[in-house]
Amino acid sequence: MVTRPTGKNYLSNTRRTKRKDFIIMKRTKLYRKIAALAVAAIMACCMAASAYGAIYSYPTSLYGNGLSYNAQSILYDDGGGVYRISAVIQTANGAVMKRNTVGLYAQLVSSSGDIIATAGKRLNNTEDSFFFYPDVSYGASGPVACLGWASVDGGVQYIRLHETNVAGYSRSADMEAQIAILAENTLTEDNAYPVNAAGETYGSVLLADMVGEDPDLMSATNQEGVEGYIRIADVPTIDPDVSVAAVQMIPLYDMNGNVIGSFELAAPEIASAEAVQSIAG
């Protein structure tokens, strides 16, 4: 049998304990409320940051010229269905890269899988981070993705980088749904690109990871709304020491490689490493 203490000291101690527990409980609730508000504020900031501003893709690792590089696609969401595209590449350990040894260009791709904007290729005229200004804006409806391309062999061969869209590192749910429909409607039964009479593959570059290779002819829609295909090889390399603002044209093909029109290119300006930090920040 347990004997319960009695008397004023016991009652006083009991009241103190209850009051202490009450104060702790109130403080705990207050801290939880503050923490919840803080989390909500952080989520709101993250959502705002992902909704507008510079959105970087997951880095792609490249190797060439005896150096390791990290490259990323960059989508600028200016709001109201207006976007800008860019890409950046830098050495993994901060080593200096020789001029005219790495190249970049970027494309804006709609959720239908069509390329709707392409910037001209540029080789680096800097020895640090190589980046070009996203100075041309494009209007687009629905989900979009920025797809960057990088070369580490002086612009001979360009390698597709990870894409980025308004969901950041991963595709948005809307984009995923559109890509699934696109794959079902355009790929063969064995998940390959169809092949034309000349033996060239054609289709959306957004399906390249699923297929395992880039198509020879990439689905594109030009500025007049004509649907067709473009080739990477047709995108010109712009002299890195010359500022070019003039618009250039490349051929727009049908699925068999016949020219059916033209596709307008934008010529991006190169930015210094300091400008990269300024723009990205």
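How many residues of strand β13 (residues 217-221) are buried? Five of its five residues are, which leaves the strand mostly covered.

## Before we start

This is a predicted model, in which local features need pLDDT of at least 70 and side-chain atom pairs count only at pLDDT 80 or more, while totals for chains, interfaces and linings use all residues. Residues are numbered from 1 along each chain as its sequence is written, and side-chain values use heavy atoms, with hydrogens and water left out.

Buried stands for under 20% relative accessible area and exposed for over 50%, with partly exposed in between (1.4 Å probe, protein chains only). Helices (H or I, at least four residues) and strands (E, at least two) are DSSP runs, numbered from the N terminus.

## Strand β13 and its neighbours

In a regular strand, side chains alternate between the two faces of the sheet. On β13 both faces are covered: one side carries Leu217, Ser219 and Thr221, the other Met218 and Ala220, all buried.

Two strands pair if DSSP finds at least two bridges between them. Strand β12 (residues 202-203) runs parallel to β13 and is joined to it by two bridges; here Tyr202 stands opposite Leu217. Strand β14 (residues 227-230) runs antiparallel to β13, with four bridges between them, and Glu227 in β14 is the bridge partner of Thr221. Together β13 and β14 make a hairpin with five residues in between, and Gly225 in the turn has a positive phi of about 85°.

## Helix α2

Now for helix α2 (residues 173-186). Its 14 residues, at 1.5 Å a residue, should span 20 Å (1.5 Å times one less than the number of residues), and this agrees with its end C-alpha atoms, which are 20 Å apart.

Met175, Ile179, Leu182 and Ala183 are the buried residues of α2. Seen down the helix axis, they fall within an arc of 100° (taken from the directions from the axis to the C-beta atoms), so they line one face. Ala173, Asp174, Glu184 and Asn185, on the other side, are exposed. The buried residues of α2 pack against β10 (144-151), β11 (159-165) and α3 (208-211), where contact means heavy atoms within 4.5 Å.

## The nonpolar cores

A nonpolar core is a set of buried Ala, Val, Leu, Ile, Met, Phe, Trp, Tyr and Cys residues joined through side-chain atoms within 4.5 Å. The largest has 28 residues, and Met218 of β13 is among those that touch the most other members. Helix α2 gives this core its largest share, four residues. A second, separate core of 26 residues includes Ile89, Ala119, Phe130 and Val152.
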